[in-house]
Amino acid sequence: MASASEPRDQDADDSPVGLTEAEAADRLARVGPNALEGERRHLVRRLARKLTGPVPYLLEAAVVLELAVGKGIEASIVGALIVFNGVLSFIQEGRAASALALLRSRLAVQARVRRDGRWRLVDAERLVPGDIVHVRVGDIVPADVALATGSVSVDQSVLTGESADVEVVPGGSCYSGSIVRRGEATGEVTATGSRTYFGHTAELVRTAKTASHLEETIFKIVWALLALDGGLVVAILAYGLITHLPADELVPFVLILVVATVPVALPATFTLATSVGALELAHAGVLVTHLAAIEEAAAMDLLCTDKTGTITENRLSVVAVHPFGRHDERDVLALAAVASDEATQDPIDLAILQAAGHTGAPRVGPRLGFIPFDPATKRSEATVQVAGAELRVVKGAPAVVGALAGARNPPPASLEAAVGELAAGGARVLAVASGRGMLEVVGLLALGDPLRPDSRGLVERLDALGVRVVMVTGDAAPTALAVAKQVGIGERLGELEALRARRTGEIDFDVAAGVLPADKLALVERGQHAGHVVGMTGDGVNDAPALKRAEVGIAVSSATDVAKEAASLVLTGEGLSNVVAAIETGRRVYQRMLTYTLNKIAKTFQVSLFLGVGLLATGTFVTTPRLVLLLLFANDFVTMSLATDRVGFSPRPDRWRVPALSFSALGVAIPWLFASFATFFVGRDVLHLEMAAAQTLVFVMLVATGQATVYLVRERGHLWSSPPSSWMLAATGLDLVVVTVLATRGVLMAAVPLLDVIVLLASLLALTVGLDYLKGPLLGRVRTESTPL
């Protein structure tokens, strides 16, 4: 975010006075907030969107075919199922959108504005024409601004599509939504909101929903199950033609066999699961800007993190000064202060200015020009007037400053040794050079940054979760290695030349030092090519490409607007401790959706094989299409409550292993398949129920085993090892009560005796307990664990 500190250089603050708060409030009332009216879709249109897509289309086709063969009740049930899931998904998506809007409001773009003669920080929405604002590197320009002092290079590609940066000088205009890539400037707001030149207000977080890997995986599984159904359908149609089954009975049966495979509740369940996860993270100090990042965090196994402000406290102070030649410590600090500026609010500049003030370093002379630190060049630069002549002063990385001195005026022979000595304790080392023509290295500064007290524990916790930490920093190698060793990251130093030359290969090092912004992007891509799910932390405008490219881009609390826009997670507290919360929450969401997927596969195996093989083996319909549709309704109540289930998280990164999932689900489905046939034959041949009543008994069995499967697969230990959520228990209880009443009262189905239903449920409960003791080897193949909270 923008800093509230007053922009000024060493000499004076000649910024315009600006408006008073009273004047600003009056103009805000007249012109309105500095924001564009968001697109508002009509309520009916938004609801209609929930009734379109692959899943609704298939169900809607079923309605048409049911009506075509005269099955009005069945068509009504399918229609009710479509509306029920559509409305529920619509409600949950609305709640998720409201929650994310609240989170985005906490990330609102802010602006440095001068009012009542003082600089302060305000939300960009409160800017009005006539306000005096200050922008600098990493800012999103909050309104149309006519520059008065300073100059900036801005990226207007989001507005014009042109990739080349535009230089803006006093008298020129910066337009709302453009990004400051270099420099800083002060100017007057000329237009806000819809009146800006491009009619576009900068928006920090763009949360357009991206395709979810989790959803894609589940749909791939469903397509595979539909292929299984396809084989059964072919066999059933062939059997029907041979045995001359009536078409008005065969077609609905085949159609419902296919519909039973469709994940009707998936959209609502996934939206609810991820939005619940986003709210959990908000309470933990992590703002989610892209919901898909929650599931990606579950699979993250490599985290690339900066040093300053994440591993260290970002409270820099000058701890040592090493002068060269005729210069003393006060000379070095005085020159370093010339190449620093409080307006940048850069911690290094602030530390140097503070040290120069405390030591009484002399003022070098009036400053004529200043170029703030640029990560791409690794230096800042100033020009001052001394004895009637211009003096150039450069401050930056020792290797860069030493190279600028050139062969004609080489740096001291002891430079490298001095840098190594100062950096050995973890200090950040800068070189200072000055000259009227050729530059001369005048000395070194060592800046200490204490380690965060939780850094070592954080690295150990991430390692226990299966996430390897790699330090990526612009600091020199000795500094980076010293810090990495202290917190337990490791001591293997990566070769930058190898990283830049080759984008493939394993990340076989612990520290990458002296990196440029482009190196961070290369590191992310290399990790992804090696099969890792990569997290990347960042705070600067130049970190944005790497944050965008990483599966989990993490902007730290002090990040610029552009970095936060590119990231998918934004930390609101200092340090990285909240990253652990993001990983744990992501893995909980994974566990909930894993339970959904295992349950869906198991039930599809059970129901499809029972319906198809049952017809082929017995020559009769073991249940009716109407009862299968009611079964889908009953299952949806519990499967959607899985999004709120009380689950733990796995100790290692989660990956979808479809073959293992299918094998495990089949192992659970087979016993239920035998129970299904047993229920049918006992009802028909032992209890001598009418066929319609036997089909009702089968329906009760399918509902009950559907409930039991959810509880069996949600917990890798015994099903009573961790309590489910109250919503799940309530949904299960309501399901069983309603189904029992319908079955015994004969509503929408033939009636069966209450005693038969009670005996059936008791038998299934005993079988569930028996399966619970046998499921270990099956669910162990999934290689995840759910631990109690």
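Tutor: Two residues are in contact when heavy atoms of theirs lie within 4.5 Å. The model is predicted, so local features need pLDDT of at least 70 and side-chain atom pairs count only at pLDDT 80 or more, while totals for chains, interfaces and linings use all residues. Residues are numbered from 1 along each chain as its sequence is written, and side-chain values use heavy atoms, with hydrogens and water left out.

Student: Which residues does Thr585 contact, leaving aside its neighbours within four places in sequence?

Tutor: Thr585 lies in helix H20; helices (H or I, at least four residues) and strands (E, at least two) are DSSP runs, numbered from the N terminus. At 5% relative accessibility Thr585 is buried, where buried means under 20% relative accessible area, exposed over 50%, and partly exposed in between (1.4 Å probe, protein chains only). Beyond four places in sequence, the contacts of Thr585 are Gly277, Glu280 and Leu281.

Student: What distance separates the C-alpha atoms of Ala356 and Ala336?

Tutor: Ala356 sits in helix H11, residues 347–359, and is buried at 9% relative accessibility. Not counting residues up to four places away in sequence, Ala356 touches Leu333, Ala337 and Ala361. Ala336 is 20 residues from Ala356 along the chain, and the distance between their C-alpha atoms is 8.4 Å.

Student: Which element gives the most to the largest nonpolar core?

Tutor: A nonpolar core is a set of buried Ala, Val, Leu, Ile, Met, Phe, Trp, Tyr and Cys residues joined through side-chain atoms within 4.5 Å. The largest one has 66 residues, of which Phe610, Leu611, Trp672 and Phe699 touch the most other members. Among the elements that give two or more residues to this core are helix H20 (577–618), helix H22 (658–686) and helix H23 (691–713). Twelve residues come from the element that gives the most, H23.

Student: How many residues are in the other core that lies apart from it?

Tutor: Its members include Ala273, Leu281, Leu458 and Leu462. Leu281 is also a contact of Thr585. The size of this other core, in residues, is 49.

Student: Which residues make the nonpolar surface patch of about 570 Å²?

Tutor: Patches are made of residues with over 30% relative accessible area and no salt bridge; like charges are joined within 9 Å, and nonpolar side chains (Val, Leu, Ile, Met, Phe, Trp, Tyr) within 5 Å. The areas come from the Shrake-Rupley method with a 1.4 Å probe, and for residues only the protein chains shown count as cover. One of the patch members, Leu765, lies in helix H25, residues 754–774, and is exposed at 58%. The full set is Trp720, Leu765, Val769, Tyr773 and Leu774.

Student: How many residues apart in sequence are the parts that Glu21 and Arg115 tie together?

Tutor: Glu21 and Arg115 form a salt bridge, with the closest N and O atoms 3.5 Å apart; the term means a side-chain nitrogen of Lys or Arg within 4 Å of a carboxyl oxygen of Asp or Glu. Glu21 is partly exposed at 24%, whereas Arg115 is buried at 2%. Glu21 is in helix H1 (21–31) and Arg115 in strand E1, so the separation of the parts in residues is 94.

Student: In which helix do Asp26 and Arg30 both lie?

Tutor: Their side chains meet in a salt bridge at 3.2 Å, N to O. Asp26 is partly exposed at 43% and Arg30 is exposed at 58%. The two are four residues apart, about one turn of their helix, which is H1.

Student: Is Asp510 buried or exposed?

Tutor: Asp510 forms a salt bridge with Arg468 (3.6 Å, N to O). Asp510 is in the loop between helix H16 and strand E17 and Arg468 is in strand E16, so the pair joins parts 42 residues apart in sequence. Arg468 is partly exposed at 25%. With a relative accessible area of 7%, Asp510 is buried.

Student: Which residues do salt bridges that share partners join into one network?

Tutor: The structure holds 20 salt bridges. Some share partners, and those join Glu21, Arg115, Arg120, Arg126 and Asp131.

Student: What is the phi of Ala387?

Tutor: Ala387 is in the loop between strand E12 (379–386) and strand E13 (389–396). At 79% relative accessibility, Ala387 is exposed. Although Ala387 is not a glycine, its phi is positive, at about 55 degrees.
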